[in-house]
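Colleague: I would like to go through this model with you. Could we begin with the contact between the chains and then turn to the salt bridges?

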2 protein chains.
Amino acid sequence: MILTVTLNPALDLTYEVEQLRPYATHRVSAVHERPGGKGLNVAGVLHALGEPVLATGLLGGPTGARVQALVDAAGLPSSFAPIAGETRRTVTVADRTDATGLWEPGPVVSAAEWSAFVARFRALLDGAAAVALSGSLPAGLAPDAYAVLIEIARSLGVPSVLDTSGEALRLGLLAGPTLAKPNEAELAALVGSSGSSEPGIRSLLAPGSAAVVVSRGPRGLHAVTADGSWRAAPPSALRGNPTGAGDACVAALARGLRDDTPWPPLLADAVALSAAAVAAPVAGSIDIERYSQFKEAIDAGTDG
Amino acid sequence: MILTVTLNPALDLTYEVEQLRPYATHRVSAVHERPGGKGLNVAGVLHALGEPVLATGLLGGPTGARVQALVDAAGLPSSFAPIAGETRRTVTVADRTDATGLWEPGPVVSAAEWSAFVARFRALLDGAAAVALSGSLPAGLAPDAYAVLIEIARSLGVPSVLDTSGEALRLGLLAGPTLAKPNEAELAALVGSSGSSEPGIRSLLAPGSAAVVVSRGPRGLHAVTADGSWRAAPPSALRGNPTGAGDACVAALARGLRDDTPWPPLLADAVALSAAAVAAPVAGSIDIERYSQFKEAIDAGTDG
């Protein structure tokens, strides 16, 4: 199975209102509730594809129990470590124009809880063909948390995909994940806009790393390895919800690592799956029919 | 004890943000969580005063369980009836300027659940010296729900205070609650602005009703009975949080009914307790020290 790690999951609430007006009171016409966090989105996409997957991470408090119940109701296998702090909620207020986000700060994780998670992670890797590490770190964890997990995965021979930002990304890259998937903004924050050239991206490859895959929104994916690069792009601009497209891309990359898929078909698949996520209404889900259509239409080419 | 009824309670969440900007994403700096709903505020004020109180109403789903846990943690005695639907949340986004409200629609209550609640209500009245009926009705309940409860209370000799709005208020008034406490806007919605004269208010008294008490914000209270009227006002304009002032007023009125307090001291007490609620930071709590100060300062007079 593919193991997905979500250290800072959330209960994602979406409130539909007619129009958000600051300092007014709004009757919410509909409430949608789903398990949130990038790693859970990756797991959801893999599960929708029928791939064996196991979601792990940290959950705590009544909101954590709610996330667990929603994960269970979706039939998604999971093995989360309990924490004393309370899992965060996110509230997205969707009106006719656009969406407004309110993100709770999330729990503080203790050193003992982190140690217990690391032991669980090590045990779960026993059955894992690949591992995806996604999203932000909760308070209390050192910024090298992903680096620690990447080193354990490598020591056990399990390939890893890292999708995070900032210091967690910088330190994670130094530990040599098999793949890292920054988007352009995350890459620029790390290396500056001048560093987003191919040699700049290549300089991020640590010993043990196979590639950095940069997601560039509607312009598709750019994979840079030690001795080459590949690009793939969707056939046309897509309308839909771009939230979750990066997580679908990570799902495709993790599956590709498991199957040793060569770059051209792997990138084509990752672009098609991302596009199928844009076509689906909520993050963590995909439009399976459009996925097949996109797969046929997208051709990956090499460059560089 | 005094029984308080909350048919549509809520989990009240307050999110502190720097400034609410539509279509941006906000990091919430602090989250506050409390049991909400007007009847629970009334119960909270009575409990803070050391008065024996019992909170009843309808709770369901994980959010209902969370409200129950918060009620228990506050040491507030309660006997809520379970429902299958999920208790609503309210989210208040507080920034440096003011507050923005987002109210979930709340559960739908079935006929069987309502019957079970009515049976519970009847049983709980056995030990009640007064009952306060507060707030909106959840979907699925007929607008005469409060009228049904008022008739049962009267048949058992328990005086009642009704604090609601719209059709639930209109039908409730016809059933003859001992007291009703509309605010000026609720009264105007019922009888038109011309009907808010003293004879207009008096016309709302049904057989069995002792008085209608109109709350007029900073201008205080106006009690109208079959043969007289009384007014009381705070000593000066108050700064603070007016949410919950009406619930503190209902708490004072319910206690006054229990103790057969004459109108002048009862109205003075209700104004002082409302002012003490304005002085406290959150609804359902009071500033006990300022309550004593206000009580000394406020003098009720008769007119009409």
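Modeller: What follows is a discussion of a predicted model.

Colleague: How many residues does each chain give to the contact between chain B and chain A?

Modeller: Chain B contributes 33 residues and chain A contributes 33 residues.

Colleague: And how much area do they bury between them?

Modeller: The two chains bury about 2,700 Å² between them, and 57% of that lies on carbon and sulfur atoms. On the side of chain B, Y23(B), L102(B) and W103(B) supply 26% of the area buried against chain A, more than any other three residues.

Colleague: What about polar contacts and salt bridges across that interface?

Modeller: There are 19 residue pairs in polar contact across the interface, both residues being at pLDDT 80 or more. Several elements of chain B give two or more residues to the side that touches chain A: β2 (10-16), β3 (25-27), β4 (30-36), α2 (61-73), β7 (88-94) and β8 (99-103). The largest share, five residues, comes from β8(B). By type, the residues on that side of chain B divide into 17 nonpolar, seven polar and nine charged. As for salt bridges, the count between chain B and chain A is four. One of them joins R66(A) to E86(B), with the closest N and O atoms 2.8 Å apart.

Colleague: Which strand of chain A pairs with β3(B), and in which sense?

Modeller: Strand β8 of chain A, residues 99-103, pairs with β3(B) in the parallel sense over three bridges. Within that pairing, H26(B) is the bridge partner of L102(A).

Colleague: Changing topic: where does T87(A) lie, and is T87(A) buried or exposed?

Modeller: T87(A) is in the loop between β6 (78-83) and β7 (88-94) of chain A. T87(A) is buried, because its relative accessible area is 2%, below the 20% cut-off.

Colleague: What does its side chain reach?

Modeller: The side chain of T87(A) reaches the backbone nitrogen of G60(A) at 2.9 Å. Leaving out residues up to four places away in sequence, T87(A) touches P9(A), A10(A), L58(A), L59(A), G60(A), T63(A), G64(A), V67(A) and P107(A).

Colleague: Back to salt bridges. How many are there over all chains?

Modeller: A search of the whole structure finds 32. Within chain A, the side chains of D269(A) and K295(A) meet in a salt bridge at 3.3 Å, N to O. The pair links distant parts of the chain, as D269(A) is in helix α9 (residues 263-279) and K295(A) is in helix α10 (residues 288-297), 26 residues apart.

Colleague: Are those two buried or partly exposed?

Modeller: D269(A) counts as buried at 8% relative accessibility, whereas K295(A) is partly exposed at 42%.

Colleague: Which salt bridge does D163(B) make?

Modeller: The side chains of D163(B) and K38(B) meet at 3.5 Å, N to O. D163(B) lies in strand β10 (residues 160-163) and K38(B) in helix α1 (residues 38-48), so the pair ties together parts of chain B that are 125 residues apart in sequence. D163(B) is buried at 1% relative accessibility, and K38(B) is partly exposed at 30%.

Colleague: And which residue does R89(B) meet?

Modeller: R89(B) and E104(B) form a salt bridge through their side chains at 2.6 Å, N to O. R89(B) is in strand β7 of chain B and E104(B) in the loop between β8 and α3 (111-124), 15 residues apart. Both R89(B) and E104(B) are buried.

Colleague: Finally, which residues are joined into one network by salt bridges that share partners?

Modeller: That network joins E51(A), R255(A), R258(A), D259(A), D269(A) and K295(A).

Conventions. Residues numbered from 1 in each chain as written. Chains lettered and ligands numbered in written order. Predicted model: local features only at pLDDT ≥ 70, side-chain atom pairs only at ≥ 80, totals over all residues. Heavy atoms only, no water. Contact = heavy atoms within 4.5 Å. Buried area = accessible area lost by both parts, 1.4 Å probe. Polar contact = N/O pair within 3.5 Å; in protein donor to acceptor, adjacent residues only side chain to side chain. Helix = DSSP H or I, 4+ residues; strand = E, 2+ residues; numbered from the N terminus. Nonpolar A, V, L, I, M, F, W, Y, C, P; charged D, E, K, R; others polar. Pairing = 2+ DSSP bridges. Buried < 20%, exposed > 50% of the residue type's maximum accessible area, 1.4 Å probe, protein only.
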